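This report offers a short reading of selected features for a newcomer. Please consult the sequence and the model shown here alongside the text.

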Amino acid sequence: MGTITALGLLLLIAMVVVGGGQGLQAWLSLLFNFGALFFAMVLMAFHFSPVLVTLITGVMVLAMTIFLGGNDSNSTLVAFYASIIVLLLLVVMIIPVEHWAQIQGFGQEDSEDLEGMSTVLGINYLDIAISTAILSTLGAIAEAAIAIAAGLAEILAQHPKIPLKNLQRAGFKVGSQIIGTTFNTLFFGFFGGFLALFIWFAGVHYSLGQILNDKILVGEVLMVLFSMTAVIITIPLTTWATVTWERQTRQHALKLKNEDTKK
Amino acid sequence: MLKKQERAAQSGWWYRWWPILIVLIGGLAVLGVAHDDQLYQTPILKIQSTQVVSQEKQSDQFQNEDQQITQKLHGTITNGQYQGRRLTVPNTYMRSQSTTQGFHTGQKIFLTLHHQKGKLSATVSDYKRDVALAFTAWLAVSLLLVLMRFSGLMALVSVIVNGVLFWLAVSWNTTTQGGIVLVIFGGLAVAFAALTLLIVIGFNQQMLMTLLATVGGTAISILIALAVFSVTHEKGVYYESMQYVTQLPRPLFLAETILGSLGAVMDESTDIIASLMALKTEKPDISAKQLFASGRQIGGEIMGPLVNVLFFIFVADTLPLAVLYLKNANSWGYTFNMTMNLGVIQSLISGIGIVLTIPLACGITSLMMGGKFSWGRLRR
């Protein structure tokens, strides 16, 4: 048995033992996301527009992660809507920044990997860089949206008549509780993954100026910053989505009640 | 930090406006970075006009087609001894821009100068990216402080502190030639966790329990990974595909995995233990068993999204290389093995850590807090 198969099966067993049906869903969402990412990559190699492929993949990934992750159907729906808005806002931020920073493709540190490869590609690597940045934020968007929506759903379950203003404040309170630890998830996730590059920098004694203008490092730090921005704007947007949803539900309920009394 | 709180209490004005103030100062700093050319020893050219010299079609043995463009960049040197000197620099790039890059008016580039028979000429060495980086960092920090205020500031402080520690550890690793990379980063993982939790939670019993669950969960996942590695003889683990390796790849890979999953495991144990503590305050007589069950419920909800966060971080950035492999007529399987393989393995190991942290965090909390004869009660 290959190592990946063994680890994957172990993860499945652990998830099902600890989380039951929900564990199975979590494992399936990971499998689906891998498939979506790989499929998107193949489509890009077949010259489909990378950014368009990424947007479609992104919406699918958010849907799968959020609907297979959460329990309560109302809060997952709100989380999904909010995450789509966050995704679109991020795209608006990522495209100009990537045009400005010009971190597409490979840096001089990659030359060993590129040996013997043809770089006559015919695919715009700036688009690939934009797609990479968008894809790397998807997990963070989904996680933050679920956390806020679920936190607010719990508050609503306990206090069904909470004033909408207080509900909004509660959203920011839940946000302030998750932001510190979520930032660390992102920080360690990215910097752990790029430990080798940092060791390279330290070993070859790059100057600060070289590091701050290095193609690969700037690209990587931009991805961390995009993900952090995603989490930051997910907090007010998910809160706002929940408040709007709740307001409409209440208005609807009120209307039904009024109609009842008229009869 | 304390000073800030005291001052905040003293003055409502300061309390209200400090995020805006930091945003303004940060904006000035970004402006400063945009005019920092004098700080560089490498000569910088500001491009004032560009001119396409030639365009020709290129193709390779895999029937890929691209365009090679040669351009001339006219501009002025903005720093150093040749400041003010006008210069024309040639640049050749591929339209796909995977390893080369085209430039246009207004951009700044670093130059390598050549002196030939008293004549000054130059070639492009790199593009100046620091302003774009500073601007994006400023944007993120501004949003963070304006929207999340004090909790945002604390999150920022913990990231900065961890960043400094991380760099110190990397330097230390370099002085030891990478011989004890696992010891350094394993040990530092504990220090990272302790420091972060101190900043986020403060020093108390809850912090100690969270620390124990975090370190325990990460350690267990690595031990399980090592056990699986020895059973499967690391079949299908392609260390040779690891990028930027300057030392022995296997311990480096494990160190990367420890650090990568640490944040997520910490995130999760903080969530579970904080919720269980709140539950305990609400219902003081809750039994250990009930505590364990609700912890499992909370953990089950967050584990899926968390594993996916790490998966996208670990695997998405292999996309450019994977597309390159596919365009070089490699099979899907080979492309996967050479690019995504290690990222997927890291995600799976971290995933196992994230899942097993749930019973660990619940167990620790219910032992310490639950029931009538819990350790927490005995101590009182």
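## B:Phe185 and the nonpolar cores

In this predicted model, B:Phe185 is in contact (heavy atoms within 4.5 Å) with A:Leu195, B:Ala169, B:Val170, B:Asn173, B:Ala255 and B:Leu259, leaving aside its neighbours within four places in sequence. B:Phe185 also belongs to the largest nonpolar core, where it is named with A:Met41, A:Leu195 and B:Phe229 as touching the most other members of the 183. The largest share of this core, 19 residues, is supplied by helix α6 (residues 125-158) of chain A. A second, separate core has 13 residues, among them B:Ile77 and B:Tyr127.

A nonpolar core is a set of buried Ala, Val, Leu, Ile, Met, Phe, Trp, Tyr and Cys residues joined through side-chain atoms within 4.5 Å. Buried means under 20% relative accessible area, exposed over 50%, and partly exposed in between (1.4 Å probe, protein chains only). Helices (H or I, at least four residues) and strands (E, at least two) are DSSP runs, numbered from the N terminus.

## Basis of the description

Residues are numbered from 1 along each chain as its sequence is written, and chains are lettered from A and ligands numbered from 1 in the order in which they are written. As the model is predicted, local features need pLDDT of at least 70 and side-chain atom pairs count only at pLDDT 80 or more, while totals for chains, interfaces and linings use all residues; side-chain values use heavy atoms, with hydrogens and water left out.

## A:Val97

A:Val97 is placed in helix α4 (residues 73-101) of chain A and is buried, with a relative accessible area of 4%. Not counting residues up to four places away in sequence, A:Val97 touches A:Leu222, A:Phe226 and B:Thr136.

## Aromatic pairs

Over all chains, 26 aromatic pairs are found. Rings of Phe, Tyr and Trp (its six-membered ring) pair if their centres lie within 6.5 Å; planes under 30 degrees apart count as stacked, over 60 as edge-to-face and the rest as tilted. A:Phe34 and A:Phe38 lie four residues apart in helix α2 (residues 21-45) of chain A. A:Phe34 is partly exposed, at 24% relative accessible area, whereas A:Phe38 is buried, at 13%.

The rings of A:Phe191 and B:Phe166 have centres 5.6 Å apart and planes at 85°, so the pair is edge-to-face. Because A:Phe191 lies in helix α7 (residues 164-193) of chain A and B:Phe166 in helix α3 (residues 130-175) of chain B, the pair joins two chains. Both A:Phe191 and B:Phe166 are buried.
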